[in-house]
Amino acid sequence: MSTTRPYPPGDLGPDQGNAGAAATPATTAPAGQVRRLRLAGARGAVARARDFARQALHDWGWLPAAGADQRAAAEDVLLVVSELVTNACLHAEGPEELRLRCNAKMLRLEVTDLGAGSPAPRTPHRAGRPGGHGMFIVQRLCLDWGVVRNPDGAGKTVWAELAAPS
């Protein structure tokens, strides 16, 4: 997890204006756009979550991808969704809900579950060893990620933030 960001999760810091920007990016989403998918007790939760995220990316203009950078950004989002939901399935009694929050700068993914544990990249990371790569992948692809415990003590939300393609 990142501990160096001087502002709260979900805030990418002060807007630098449009310095150097020639045009508005093709991937602008309505400000504060949020999508929710209930996954509690659902069969095929990982596939459902990926399909849901893919549709949101399409609606927000990330797909179909206009170029290699946009395609890579969309693929990263789908991979991180898969990893977070899979982690909840394997280690946290299953996912309860997937939330996607989008703005012009970034996409925040949130997976809630009822599990007691906290995900962490396996250290040391051993690329040749099967399994255990999910949170390492999340850590490498995301701007930041973390865990927020539910105030009532039952479960948590695992969140990850990815930059919007330029």
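Okay, let's start at Leu 84. Which residues does Leu 84 touch, if we skip those up to four places away in sequence? There are Leu 109 and Val 111, then Met 135 and Val 138, and finally Val 158 and Ala 160. Keep in mind that this is a predicted model.

Now zoom out from there. Leu 84 is among the residues with the most contacts inside the largest nonpolar core, along with Trp 62, Val 81, Leu 100, Leu 107 and Leu 109. That core has 33 residues. Who supplies them? At least two residues each come from helix H1 (45-59), helix H2 (68-91), strand S2 (95-102), strand S3 (106-113), helix H3 (134-141) and strand S5 (156-163). H2 gives the largest share, nine residues. As background, nonpolar side chains in soluble globular proteins tend to be buried together.

So, on to the helices. For a packed pair, people quote the angle between the axes and the distance between them. Take H1 and H2 first. Their axes are 9 Å apart, and the packing angle is about 150 degrees. Why call H1 roughly antiparallel to H2? Because an angle over 145 degrees counts as roughly antiparallel, and this pair is at about 150. The crossing of H1 past H2 is right-handed.

What does the contact look like, residue by residue? On the H1 side you'll find Ala 45, Val 46, Ala 49, Arg 50, Ala 53, Arg 54 and Leu 57. On the H2 side, the list includes Ala 74, Val 77, Leu 78, Val 81 and Cys 89. Sorted by class, this contact has twelve nonpolar residues, two polar and two charged.

H2 also packs with H3. Here the axes come within 9 Å and cross at roughly 145 degrees, and H2 passes H3 in a left-handed crossing. From H2 we have Asp 76, Leu 79, Val 80, Glu 83, Leu 84 and Asn 87, and they meet Gly 134, Met 135, Ile 137, Val 138 and Leu 141 of H3. Yes, that's our Leu 84 again. The classes for this contact are seven nonpolar, two polar and two charged.

Last stop: Gln 33, over in strand S1, which covers residues 33-38. Buried or exposed? Gln 33 has a relative accessible area of 19%, so it counts as buried, the cut-off being under 20%. Leaving out residues up to four places away in sequence, Gln 33 touches Trp 60, Leu 100, Arg 101 and Cys 102. And Leu 100, remember, is one of the residues with the most contacts inside that core.

Terms used
Residues are numbered from 1 along each chain as its sequence is written. This is a predicted model: local features need pLDDT of at least 70, side-chain atom pairs count only at pLDDT 80 or more; totals for chains, interfaces and linings use all residues. Side-chain values use heavy atoms; hydrogens and water are left out. A nonpolar core is a set of buried Ala, Val, Leu, Ile, Met, Phe, Trp, Tyr and Cys residues joined through side-chain atoms within 4.5 Å. Buried means under 20% relative accessible area, exposed over 50%, partly exposed in between (1.4 Å probe, protein chains only). Helices (H or I, at least four residues) and strands (E, at least two) are DSSP runs, numbered from the N terminus. Contact means heavy atoms within 4.5 Å. Axes are lines fitted to C-alpha atoms, for helices over the stretch in contact, and angles run from 0 to 180 degrees between N-to-C directions. A crossing is left-handed if the near helix is turned anticlockwise from the far one by less than a right angle, and right-handed if clockwise. Ala, Val, Leu, Ile, Met, Phe, Trp, Tyr, Cys and Pro count as nonpolar, Asp, Glu, Lys and Arg as charged, and the others, Gly among them, as polar.
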